[in-house]
Amino acid sequence: ELNSWCAEHGHPFVIYGIGSHLGYEFCDKPGREYKSCRDILRYSNEEQMRLFAFEMTNRGVFPMYRGQIALSTAMSNDDITTFIATAKDVMSGMFP
């Protein structure tokens, strides 16, 4: 859902992963696809990564600043909905 929303709004953000371990990156341009760890080093925007994590934390959601999120069975649908809505709010402020 976040990847589609970011693409629609032209935000340089991607979330990826399998199962409960997810990663996110702020890229150099919208639509960037990461194919290796080298791409993360080459194309990620560390300043935006930190800003996103701090702004999420200020709103009560606690991702890792280095771009990691873990889902667990203890999380409810409301928790996931809150994460998505908060992420959209933060990015709307970062990229008006």
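Start by selecting the sheet, in which three strands follow the order 1-2-3 and form an open arrangement with antiparallel pairing; strands here are DSSP runs of E with at least two residues, helices are runs of H or I with at least four residues, and both are numbered from the N terminus. Two strands are taken to pair if DSSP finds at least two bridges between them. This is a predicted model, in which local features need pLDDT of at least 70 and side-chain atom pairs count only at pLDDT 80 or more, while totals for chains, interfaces and linings use all residues. Residues are numbered from 1 along each chain as its sequence is written, and side-chain values use heavy atoms, with hydrogens and water left out.

**The sheet**

Strand 1 and strand 3 stand at the edges, and each has a single partner strand, so one side of each is left without a neighbour in the sheet. Neighbouring strands of this sheet are turned by 25° against each other on average, with direction ignored; axes are lines fitted to C-alpha atoms, for helices over the stretch in contact, and angles run from 0 to 180 degrees between N-to-C directions.

Select strand 1 and strand 2 next: they run antiparallel and are joined by six bridges. Val14 has Glu25 in strand 2 as its bridge partner, and Ile18 is likewise bridged to His21 of strand 2. The two strands form a hairpin with two residues between them, and Gly19 in the turn has a positive phi of about 70°. On moving to strand 3 (residues 68-70), you will find that strand 2 pairs with it in the antiparallel sense over three bridges. His21 can be followed here too, with Ala70 as its bridge partner in strand 3.

**Helix 3 and its two sides**

Now add helix 3, which lies across strand 1 and strand 2 and runs at about 120° to strand 2. Colour helix 4 as well: helix 3 and helix 4 pack at an angle of about 125°, with their axes 10 Å apart. These two helices are therefore oblique to each other, given that angles under 35 degrees count as roughly parallel, over 145 as roughly antiparallel, 65 to 115 as roughly perpendicular and the rest as oblique. In this packing, Gln48, Leu51, Phe52, Glu55 and Met56 of helix 3 meet Phe83, Thr86, Ala87, Val90, Met91 and Met94 of helix 4, where contact means heavy atoms within 4.5 Å.

Within helix 3, centre the view on Phe52. Leaving aside its neighbours within four places in sequence, Phe52 is in contact with Phe13, Tyr24, Phe26, Ala87, Val90, Met91 and Met94.

Gln48 is also placed in helix 3, and at 18% relative accessibility it counts as buried; buried means under 20% relative accessible area, exposed over 50% and partly exposed in between, using a 1.4 Å probe and protein chains only. Not counting residues up to four places away in sequence, Gln48 touches Pro12, Phe26, Cys27, Met94 and Phe95. Glu46, in helix 3 as well, counts as partly exposed at 40% relative accessibility. The C-alpha atoms of Glu46 and Gly67 are 9.4 Å apart, although 21 residues separate them along the chain.

**The loop at Pro12**

From Gln48, step across to Pro12, which is found in the loop between helix 1 and strand 1. Pro12 is buried, with a relative accessible area of 10%. Apart from residues up to four places away in sequence, Pro12 touches Glu25, Phe26, Cys27, Lys29, Pro30, Gln48 and Phe95.

**Helix 1 against helix 4**

Then show helix 1 beside helix 4, where the packing angle is about 20° and the axes are 11 Å apart. Helix 1 and helix 4 are therefore roughly parallel to each other. The contact is made by Leu2, Trp5 and Cys6 of helix 1 and by Phe83, Ile84, Ala87, Lys88, Met91 and Ser92 of helix 4.

**The core**

Finish with the largest nonpolar core, that is, a set of buried Ala, Val, Leu, Ile, Met, Phe, Trp, Tyr and Cys residues joined through side-chain atoms within 4.5 Å. Of its 19 residues, Leu2, Phe13, Tyr24, Phe52, Phe83 and Met91 touch the most other members. The elements giving two or more residues to this core are helix 1 (2-9), strand 1 (13-18), strand 2 (21-26), helix 3 (46-58) and helix 4 (77-94). Helix 4 gives the most, with six residues.
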